[in-house]
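User: Please go through the pockets and the chain contacts of the model shown below. Plain answers will do.

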Amino acid sequence: MAENPGQNAAEVRFAGVTKTFNTGLTAISKLDLDIRAGEFLTLLGPSGSGKTTALNLLAGFQAPTTGQILVDGNDISGLPPHKRNIGVVFQHYALFPHMTVRENVSYPLKQRRVGKAEMARQVDDALRMVSLQAYGDRLPRQLSGGQQQRVAVARAIVFRPRLLLMDEPLGALDRKLREAVQLELKRIHRDLGATIVFVTHDQDEALVMSDRIAIFDAGKIQQIGTAEELYDRPATQFVAQFLGESNIFTGSLRRHGDTCSIDSPDGVIRSGTVADTLAGDDAAIVVRPERCRLFERGKAPDDWNSVDAWVSDIVYLGALRKVLLTLASGETAVVICQPDVEIPAGPEVTLGFPVSAARTVTAQWN
Amino acid sequence: MVVPVLILLGVVFVYPTSIFLLRAFTHFNPPQVAGLDNLVWFLGDETNRIILVRTFTVASMCAVLTAIVAFPYAYCMTVIGPRGRTIMLGVLLLSMFLGILLRNFAWVILLQYQGPLNDILDAIGLDRIRFLGTAPAVVMGMMHILFPFMVLPLYSVLNGIDRRLVLAAQSMGATPMRAFRQVYLPLAMPGIIAGALLVFVLALGFFITPALLGSPRQALMSQLMFLQFDLQAAFGRAGAMAIVLLIIAMVFVILSNIVQRRSRAYGDAS
């Protein structure tokens, strides 16, 4: 169905968008964001970071204080929600409780005055897409949470919008169901070919589903990129901490040409790279727990970073083991070990990681 | 805990009411002598039937008009901040605490020929109108007194409606007007019906307002009952009239129950 993604999908641009509420709270400040046609973009961030506000501005439920929002190059700031032709899946589905599943799903078509036969066909299509053909005559309250969620999706895609917004649509589902629906949404995205903007605070969800992820904090995008880029090359301490686990060393930065080091309370930590996004000398070095290894005290390779550590706990995660450490400075650190790796007898150990695995990022409070 | 309440209700409510209603079949003033004579007298007399229809009309108008006026008020209470809501609720309760008699006399003053309302009409170059003694005056006075009975059940239903449903409808292409009509209003219906029913039933038996703001020539059922009961000591006739009113009220309560049970919106505002 999506041979030509540009045709079924809209391109969105936020240009210098700021939203300040009457209360004086600035939910979004000077947001610039390009959303490509046909991509699955996730806005990820803690609650209150501005991601839902961005979605509300796009849907037209709120108006930006300054700046422009462009869809396919046209400024839509003046358009009321009902003229935007954007599908929205709400956080708690917002199904019409007094209408059956069929009536809910046909509602957008009714507003567009689609003919009866055509409407029946499109509603059937949408219900088939979410595997709910047999439930057309039920009321929303007679359905399970997962089924309600699928009705909400069917209702949002039935009129073939070129842009689909989803506000934490899986938040109310239990874990197993959530994973199934994630895959289902990816399939729907493929079949539909539409641009999807997905809001969540769940990093696993973001990693599984997205083409790109924009990480929000305090009304700003901290970093945007593919899951791999964000995980392997975080630009800021916030991104490193929010997406996956990190061990973080802070202190004063010293540059040595193309490399740098930090004088942390736990010793000098070297990094092979200076991130090009690094602003000023206010920096931290982060390393992912699975890139770290444990050695007997003092036995780490010479060209690795090494830090004295004390094992405080070992957590078995089934396939992996997670070792919790305390450093000399009192900070904590984590190492994730494959099952075939031997953990040295503690509690006194050395935490080691290759210089190439250490990444310099902008410190959190800049 | 329940037993004393039941006993109290039995003594002060069920017993006197049943005695009064029973009089319709046991107490007769000539020319009525036995059996259903009292009911036959009431329904057989044309004046009585006119009064019954008038009472029904006034009560229905009260219910419909109060619903129309109360809806914006109740809606406003759901969107205004907690401070504003407290004030709006306070105004409502305050007017309930002022005695009915007092509020009716206030309307007498407002509506009289030399009263402020007519002064306004006069000032803008219109003729003075004799409001007092007319059905509109009675309806207005009753609406004022019954207003809180409409607002409170309505507010509790409106407050339970998820307002994002209206946004959802708009995102699907509905104009704000259609979103309101197709989504908000059907969900508000249980509250509108409950409030209107309460107002209607209370209005059927209103006495003081029609007595003060209306006129004997525009009498309502309660005035006629008072006439039979108090001035003619025809307890049986008054009882027969009470039975008729009771039946009308019960028919509407049952009807509204059926409507609400059939309505999909009922009992689910989430």
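User: What volume does the second largest pocket have?

Analyst: This is a predicted model, in which local features need pLDDT of at least 70 and side-chain atom pairs count only at pLDDT 80 or more, while totals for chains, interfaces and linings use all residues. Residues are numbered from 1 along each chain as its sequence is written, chains are lettered from A in the order in which they are written, and side-chain values use heavy atoms, without hydrogens and water. A pocket is an open set of points on a 1 Å grid over the protein atoms alone where a 1.4 Å probe fits, with protein on both sides within 12 Å along at least five of seven lines; lining residues have an atom within 4 Å of a point. With points joined across faces, edges and corners, and volume taken as the space filled by probe spheres set on them, the second largest pocket has about 270 Å³.

User: Which element gives the largest share of the lining of the second largest pocket?

Analyst: Among the 19 lining residues, T52(A), T53(A), N56(A), Q91(A) and D167(A) are the closest to the centre. Elements here are DSSP runs, helices (H or I) of at least four residues and strands (E) of at least two, numbered from the N terminus. At least two residues each come from α2 (51-59) and β6 (87-89) of chain A and from α8 (164-171) of chain B. The largest share, five residues, belongs to α2(A).

User: How many residues of the lining of the largest pocket are charged?

Analyst: The largest pocket holds about 410 Å³ of space, and T17(B), M225(B), A242(B), L245(B) and L246(B) are the closest to its centre among 13 lining residues. Ala, Val, Leu, Ile, Met, Phe, Trp, Tyr, Cys and Pro count as nonpolar, Asp, Glu, Lys and Arg as charged, and the others, Gly among them, as polar. The lining has ten nonpolar residues and three polar ones, and the number charged is zero.

User: How many residue pairs are in polar contact between chain A and chain B?

Analyst: Contact (heavy atoms within 4.5 Å) joins 26 residues of chain A to 23 residues of chain B. Salt bridges (a side-chain nitrogen of Lys or Arg within 4 Å of a carboxyl oxygen of Asp or Glu) number zero between the two chains. A polar contact is a pair of N or O atoms within 3.5 Å, one able to donate a hydrogen and the other to accept it, and residues adjacent in sequence count only if both atoms are side-chain atoms. Between chain A and chain B, with both residues at pLDDT 80 or more, the count is six.
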